[in-house]
Amino acid sequence: QNPDTPIEEDFLNIWETKQSDITACYRVLEYSEGLAQEIAFSSEGAALGREGEFSLCTVLFAIESACTVLKEDFKFELIDHIYTVVENLASSSPVVRQYAQSCAIFIAERFYQASLKDMIVDNMDYLVESISARLNSGMIQRVSAVLMVFCKLAGYEVFNNFKDIFETIFKLLDYYHGYDDMCVQFFDLFS
């Protein structure tokens, strides 16, 4: 706060971004990403409940809002949040998908000349790393749906980036039986 400005005027100046707003954005992003991870782990293999759905919508709205406040600086934060946005484009919840679509389109418009394909391709290393981390944690239920989103948005030429992921998936299928649902999902992906 400027010491020469009465607190009422400073409080009412909502159009100017202050350092405290930026700090708050970083804190909200950090909390949101933790919440998104917690929901992903807890809902693995189960239906997303109403509370999880509401929480994911809040996370996606927070990401989009932070992009607005942080402007160009958000691009450096995107690597930590891109997977959350893209993963939720494949959500079973229409409401979560709608928020994810809004967030993805907003980010693409701001940084990638409105190209979702460019957004995916430019962040492919981070996305592949996120999928690998989930597979290594035993989170296999949503992988095929997320890969389908990548292919629909960026084209099947992105498959070359997933070589290691496919090897891991086929090893899982080879070593463990009982992954019938996963097999069906991957047949859908490749068809």
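These legends go with a set of close-up views of one predicted protein model.

The model is predicted, so local features need pLDDT of at least 70 and side-chain atom pairs count only at pLDDT 80 or more, while totals for chains, interfaces and linings use all residues. Residues are numbered from 1 along each chain as its sequence is written, and side-chain values use heavy atoms, with hydrogens and water left out.

**View 1. The whole chain is helices and loops, with 10 helices and 0 strands.**
Helices here are DSSP runs of H or I with at least four residues, strands are runs of E with at least two, and both are numbered from the N terminus. Read from the N terminus, the elements go α-α-α-α-α-α-α-α-α-α. Of the 191 residues in the chain, 41% are buried; buried means under 20% relative accessible area, exposed means over 50%, and partly exposed is in between (1.4 Å probe, protein chains only). Contacts are heavy atoms within 4.5 Å. Take the contacts with a separation of 6 or more, and 69% of them join residues 24 or more positions apart.

**View 2. Helix α5 covers residues 94-111 and has the span expected of it.**
The expected span is 1.5 Å times one less than the number of residues. For the 18 residues of α5 that gives 26 Å, and the C-alpha atoms at its ends are indeed 26 Å apart.

**View 3. One side of α5 is buried, and the face turned away from it carries exposed residues.**
V96, A100, C103, A104, I107, A108 and F111 are the buried residues of this helix. They sit on the same side of α5 because they cover an arc of only 130° around the axis, the arc being that of the directions from the helix axis to the C-beta atoms. Here's the helix arithmetic behind that kind of pattern: an α-helix has 3.6 residues a turn, so residues three or four places apart point the same way. On the face turned away from the buried side, look for P94, Q98 and E109, which are exposed. As for what covers the buried residues, that includes α3 (50-70), α4 (74-87) and α6 (116-122).

**View 4. The loop between α5 and α6 holds Q113 and A114.**
Q113 comes just after α5. Its phi is near 50°, a positive value in a residue other than glycine. A114 isn't a glycine either, yet its phi is positive at about 65°. Q113 is exposed, with a relative accessible area of 69%, and A114 is exposed too, at 51%.

**View 5. The largest cavity holds about 70 Å³ of space.**
On a 1 Å grid over the protein atoms alone, a cavity is a set of points where a 1.4 Å probe fits but cannot get out; a pocket is an open set with protein on both sides within 12 Å along at least five of seven lines; and lining residues have an atom within 4 Å of a point. Grid points are joined across faces, edges and corners, and a volume is the space filled by probe spheres set on the points. The count of cavities of 30 Å³ or more comes to 1. Lining the largest cavity are A40, S43, E44, Y83, E87, R134, M139, R142 and V143. That lining splits into 4 nonpolar, 1 polar and 4 charged residues, where Ala, Val, Leu, Ile, Met, Phe, Trp, Tyr, Cys and Pro count as nonpolar, Asp, Glu, Lys and Arg as charged, and the others, Gly among them, as polar.

**View 6. The largest pocket has about 290 Å³ of space.**
Of its 19 lining residues, S43, A46, L48, S92 and R142 are the closest to its centre. Both α2 (19-42) and α4 supply at least two lining residues, with α2 giving the most, at 3. The lining has 9 nonpolar, 7 polar and 3 charged residues.

**View 7. The second largest pocket has a volume of about 150 Å³.**
Its lining is made of L35, E38, I39, S42, S43, A47, L48, G49, E51, G52 and S55. The elements giving two or more of these residues are α2 and α3, and α2 gives the most, with 4. By type, the lining has 4 nonpolar, 5 polar and 2 charged residues.

**View 8. G49 sits in the loop between α2 and α3.**
With 37% relative accessibility, G49 counts as partly exposed. Along the chain, G49 and S93 are 44 residues apart, but their C-alpha atoms are separated by 9.5 Å. G49 also belongs to the lining of the second largest pocket.
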